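Q: Could we go through a structure together, one topic at a time? I should like to ask short questions as we go.

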Amino acid sequence: MLLSEQEHLLSYNGEVLVFQLSKAKHAEGAADKTTKLCVRRMAFDRDTKLFAQKSSGAFSMQAKHSETGIVGCSCTAHSRTGIILPCVLMKVKKRHDVFKYLLLLLHSSNQFEQSCRFKLDYELKEDVRLFAGPSVLWRHTNKLFYISSDTRTVLSAPVQLSSVVWTGEIEGEGTVVLGIRTACLPEAEDEDEFSSSDRAIWGSEFFGYAIEMQKMLTGTCFMPHAYSRVVSSVCVCKSEILKKWLRISVVAITHKNQLIWFQDGVPKGVCELPYEKPCSIKTAVTSGNNFLFVVSFASGNICIIQRENFQVASKWQKVKSVLVDDFVGSGTEQLLLLFKDDSNTDALNTFKITNFGEVNYESGINYKDDVPAAEGLQENGLLTVQALETRLQAGLTSVRELQQHLRLKKKVILESCRALIDLVEERSHVLPTAKKVKCRREHRSLLIFAEPFVEGLVCLWDDVENPPHSLTKEPSLTPRLPDHFLEKLWQRVVGDSLVVGVKLTETFCLSVGDVSLSLVMEQDLSSIPPIIECRNKITRLNKAFSALSVSSCQIEPPQKKMKLDLHGRNDLKKGFHKRCSRTQLDGAKTVTAVTSLSPLLAFHRVCCIVLLHAKKQKHQNEGLQKTKRITLLCGKILLSLEDISNGKYSVNMLRDNSYCTGSLEDIHAVVAASIRFSFQIVSSDCTLTPVNSWLLGEMDCTPFKECHDIRFCHKAGNVYGTVFSWTLKSPFEGILTLFCR
């Protein structure tokens, strides 16, 4: 800063604080022993484009004007309130080379508060810093001293140093001093070899000292020790703790006229500075999150470096001071450049405010009379607005086309679902005309109503060899099975899940691995997909209980990339492979579909159609098999909020003497809504402990009256509601299966 010792500037909340020393006026003949520290609050007026004084204040000291001085000023956090306030360090020279120092806080009422005072037998000259507290830190005879408003005692840090390059806050460490000292080589063998050799070569090293915690920090997390001979000032841009590691981003200026960026101690970029003898660096964040580095030089020059490209963006000469704050009230920071002017004594007479964007104010320019510039600016603004409007209209056109396409896809899906339901229920479906539904050929994942075949559905991923005939002239697409394939349709509510079950008859001879259920909403809700997401399971309850999981997270119905051929001549042919795991189960089988209950409750009353999907295969010559997908209508279920509130569909797992009162449907519902775990228990040396007795006793399980082989756990705690099944294969081996939620 090139300002005089008796005048200091500080930016605070968009204002410029001007601190000056002045003599108090006395009567003639009176001794002049009173000095005032005056402050003026200056704010930028956007109407006059000049700085105007808002208020002022003063602090009187009993000392001669020639013996007092302003050491420095800064904005620091007050430890008692946590509020950031302007802070000024004053020096008063006493006799016999004794110096008294006052640390003053400035409040919003322009009243000064003396935070602390101390005396020294030497003058503060080297590396004087103000930080939170407020506190003062300085270097003297290669030692570090500090005092705060809390301790009010000068303390010494146990470190030797040649210079202080930065003081500030670091997350998790508090106030940290980054300095340079003569290298202290470690004697321990486990010390980092590269760091030791680096310090031995250069003879100096970086170190960090946490003042509040009174501990040393590794200097290599800031930058390598090799730079300790050339770095003059440092600015820590960002510090954070990630996975218990301290991450630090640092920029440093060197005696070689360079600005170097370090990330976690590793150099990432370098910028050659345009002037010699850089002395300080500060940061600014302007509009558009434009991060800038402001470098000041001893000659009074300033240069700006952008973080994005790490290059010099602008530079000025003959600058007295540079401040960073929101002076115009735009919400982001700007630079205030104060230039040298021999004709004016006021520091704010010659200035420039800029954010390298829309904010540019400079003293000495009459903005009202600058008509040509305003007209040119207005014309440029008009052209910019027109270009932006054109781009906006193009974007809106693209959005409308996308919305139209999405609406078309939704209509096609809804109409396909209606056609599928009518087809299963053997009703004639009236298809829309070709003019109502059009779609591009490149969308190959949808069934649409194409123009040549208005009366049928056409699949787009293959070409149609023979167009299908009308549904009214041909048999139904759904293969006819015996009417008594369905024994019972039921529904249950288990927790926050809805379980729908279909009990098949013993004559249902299709493979269980190819059977699934779909739930389709019957309501005409154009904005909501009618197909309900659900997962399927197939269970069979008889003397030996088993639960076969077909799919734990399958969305029904799955995509069926097959041509809808009414004559059945173009069925897909797949290679015949023997599957040992797929068998025909004897006894009644139950297929269940589990879905979330919460979305359905939003409709208050909802009716769902239950569809059964199966695969029918017929073996042919040469090892091939002919496969046909069939869809059967199982019926409808009605779900209402009143019935659920009354517990109409809730499972009943109460105790009745020594049995659980749950029905077969309750058992199927609990098993379907649970996750299955199986454990093989083997004992090679001795027979197994009776697990059934352990389940009935310690686990407080109760067998179902309908099926004694499975047991419901009534024990309080997390295991309540778990279903157990124990199968003893031999006295030395058994399988324990449990279903839990």
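A: What follows is a conversation about strands, cysteines and salt bridges in this model, which is predicted.

Q: Let's start with strand E14. Is it largely enclosed or not, and why?

A: Strand E14 covers residues 174-182, and seven of its nine residues are buried, so the rest of the structure largely encloses it.

Q: In which sense does E13 pair with E14, and over how many bridges?

A: Strand E13, residues 163-170, pairs with E14 in the antiparallel sense, over seven bridges. As one example, Trp 166 has Leu 178 in E14 as its bridge partner.

Q: And what sits between E13 and E14?

A: Three residues lie between them, and the two strands form a hairpin. In the turn, Gly 172 has a positive phi of about 85°.

Q: How does E14 pair with E15?

A: E14 and strand E15, which spans residues 204-210, are also antiparallel, with seven bridges between them. Within this pairing, Arg 181 stands opposite Glu 205 in E15.

Q: What do the side chains of Arg 181 and Glu 205 form?

A: Arg 181 and Glu 205 form a salt bridge, with their closest N and O atoms 2.9 Å apart. The pair links distant parts of the chain, since Arg 181 is in strand E14 and Glu 205 is in strand E15, 24 residues apart.

Q: Are those two buried or exposed?

A: Arg 181 and Glu 205 are both buried.

Q: How many salt bridges are there in total?

A: The count comes to 14 salt bridges. One of them joins the side chains of Glu 15 and Lys 54, at 2.8 Å from N to O.

Q: Where do Glu 15 and Lys 54 lie?

A: Glu 15 is in strand E2 (residues 15-23) and Lys 54 is in strand E4 (residues 50-62), so their salt bridge ties together parts that are 39 residues apart in sequence.

Q: Buried or exposed, for each of them?

A: Glu 15 is buried, because its relative accessibility is 12% and the cut-off for buried is under 20%. Lys 54, in contrast, is exposed, with a relative accessible area of 55%.

Q: Which residues are linked in a network with Glu 15?

A: Glu 15, Arg 41 and Lys 54 are linked in a network of salt bridges.

Q: What about Lys 91: which residue is its salt-bridge partner?

A: Lys 91 forms a salt bridge with Glu 123, and their closest N and O atoms are 2.7 Å apart. Lys 91 lies in strand E6 (residues 84-93), while Glu 123 lies in the loop between strand E8 (112-120) and strand E9 (126-131), so the pair ties together parts 32 residues apart in sequence.

Q: And how accessible are Lys 91 and Glu 123?

A: Lys 91 counts as buried, at 12% relative accessibility. Glu 123 is partly exposed, with a relative accessible area of 27%.

Q: New topic, cysteines. How many disulfides does the structure hold?

A: The structure holds zero disulfides.

Q: Why is Cys 271 not bonded to Cys 303?

A: A disulfide is a covalent bond between the sulfur atoms of two cysteines. The closest cysteine sulfur to that of Cys 271 belongs to Cys 303 and is 6.9 Å away, which is too far for a bond. Cys 271 is also buried, with a relative accessible area of 4%.

Q: And what is the situation for Cys 607?

A: Cys 607 is in no disulfide either, as the nearest cysteine sulfur, that of Cys 608, is 6.7 Å away. Cys 607 counts as buried at 15% relative accessibility.

Key
Residues numbered from 1 in each chain as written. Predicted model: local features only at pLDDT ≥ 70, side-chain atom pairs only at ≥ 80, totals over all residues. Heavy atoms only, no water. Buried < 20%, exposed > 50% of the residue type's maximum accessible area, 1.4 Å probe, protein only. Helix = DSSP H or I, 4+ residues; strand = E, 2+ residues; numbered from the N terminus. Pairing = 2+ DSSP bridges. Disulfide = S-S within 2.5 Å. Salt bridge = Lys/Arg side-chain N within 4 Å of Asp/Glu carboxyl O.
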